[in-house]
Amino acid sequence: RDWDITDKEFWKQFCIGKELLLKFGVSPIKYFWINETRFKCYSNSYCFDFNGNRKIYCPYETDHKWYSNTNKECIQGYNQLLPEGEIIFLTSSLKDIMCLAMLGYPSIALQSEMLMPSDQTIEEIQTRFKKVTVLYDNDQHNPNNPGQTMAKKICRKFGLLNLCIPDKYKSKDISDLVKHHSLKEAQNVIKNVERT
């Protein structure tokens with residue numbers, strides 16, 4: 001379907017505009033198919049296209065927010081990376097990737113925070129970027145804090161830096177930080193890690 005004002009309002013919360021959405025293969029949709037069955041979208045929904053593999057994002061739904069035919073080899077944000085740079089973030093989602101892009105930082109995300117990146121993936125981005133930093137969810141209200149548990153495992157295995165959004169912001173990820181505090185405050189949090 002065509003983009004409309006309700007799409008603009010939703011993505012504006014995260015300071016993400018239409019140009020960036022198009023760059024990252026995001027489209028608004030009315031319907032989607034799983035095998036031969038068509039499903040209607042009852043609220044604003046979006047398709048994320050990764051070279052023909054797709055994720056369906058229904059942000060206003062509580063029970064079925066995500067549908068996907070992607071696999072663990074599909075790395076979100078990879079096709080939009082520059083050949084090289086100073087710093088790259090390994091983050092949680094395409095929405096976080098787009099927020100980081102608004103802040104001027106390249107990033108990638110696996111299909112799940114619970115996946116361990118392959119040696120090949122880390123080695124390849126380390127040849128292109130001087131610093132690789134993990135920026136996973138800080139599920140501070142969850143005693144197990146799975147995002148940070150996995151971030152620490154990844155950092156231990158590959159010798160990477162972990163940027164954990166401080167608890168005081170009450171924002172589990174970078175897109176929540178932008179939404180609840182501002183792009184400038186998100187930049188300040190990232191600047192602190194750049195100095196280390």
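C74 is buried in this predicted model, its relative accessible area being 8%. A search of the whole structure returns zero disulfides, and C74 accordingly takes part in none, the nearest cysteine sulfur, that of C47, lying 11 Å away. Another cysteine, C155, is likewise buried, with a relative accessible area of 11%. The sulfur of C155 has its closest cysteine sulfur in C164, and because the separation is 11 Å, the two are too far apart for a bond; a disulfide would require the sulfur atoms to be within 2.5 Å.

From the cysteines we can turn to the nonpolar interior. In soluble globular proteins, nonpolar side chains tend to be buried together. Here the largest nonpolar core has 33 residues, and the members that touch the most others are W11, M98 and I174. Two or more residues of this core come from each of the helices α1 (5–12), α2 (18–23), α3 (94–102), α6 (174–180) and α7 (183–194), and from each of the strands β2 and β5. Of these elements α3 gives the most, with five residues. The surroundings of I174 can be followed residue by residue: once its neighbours within four places in sequence are left aside, I174 is in contact with D96, C99, L100, L103, L135, I165, A186 and I190. Apart from this, there is a second, separate core of 18 residues, whose members include I88, L90, I125 and I154.

One of those residues, L90, also leads into the sheet, since it stands opposite I108 in β6. Strands of a sheet pair through backbone hydrogen bonds, either parallel or antiparallel. In this model four strands form an open sheet in the order β6-β5-β7-β8, with parallel pairing. The edges are held by β6 (107–109) and β8 (161–162), each of which pairs on one side only. Strand β5 (residues 85–91) runs parallel to β6, and three bridges join the two.

The aromatic rings add a further layer to the picture. A pair of aromatic rings is described by the distance of the centres and the angle of the planes. With ring centres required to lie within 6.5 Å, the count comes to 15 aromatic pairs. In one of them, F10 and F14, the centres are 5.5 Å apart and the planes stand at 70°, so the arrangement is edge-to-face, an angle over 60 degrees being what that term requires. Both F10 and F14 are buried. The pair of F48 and W66 is also edge-to-face, because its planes are at 70°, while its centres are 6.0 Å apart. Since F48 belongs to strand β2 (residues 37–50) and W66 to strand β4 (residues 66–68), this pair ties together parts that are 18 residues apart in sequence. The two partners sit in contrasting surroundings: F48 counts as buried at 1% relative accessibility, whereas W66 is partly exposed, with a relative accessible area of 43%.

These four residues belong to a wider network, in which ring pairs link W3, F10, W11, F14, Y46, F48, Y57, Y60 and W66 into a cluster. W11 therefore appears in two settings, as a member of this ring cluster and as one of the core residues that touch the most other members. W66 has a charged partner besides its ring partner, for the charged end of K55 sits over the ring of W66, 5.2 Å from its centre. A second example of a charge over a ring involves R38, which lies over the face of Y31 at 3.8 Å from the ring centre.

Methods:
Residues are numbered from 1 along each chain as its sequence is written. This is a predicted model: local features need pLDDT of at least 70, side-chain atom pairs count only at pLDDT 80 or more; totals for chains, interfaces and linings use all residues. Side-chain values use heavy atoms; hydrogens and water are left out. Rings of Phe, Tyr and Trp (its six-membered ring) pair if their centres lie within 6.5 Å; planes under 30 degrees apart count as stacked, over 60 as edge-to-face and the rest as tilted. Buried means under 20% relative accessible area, exposed over 50%, partly exposed in between (1.4 Å probe, protein chains only). A charge sits over a ring if NZ of Lys or CZ of Arg is within 6 Å of the ring centre and within 35 degrees of the ring normal. Two strands pair if DSSP finds at least two bridges between them. A nonpolar core is a set of buried Ala, Val, Leu, Ile, Met, Phe, Trp, Tyr and Cys residues joined through side-chain atoms within 4.5 Å. Contact means heavy atoms within 4.5 Å.
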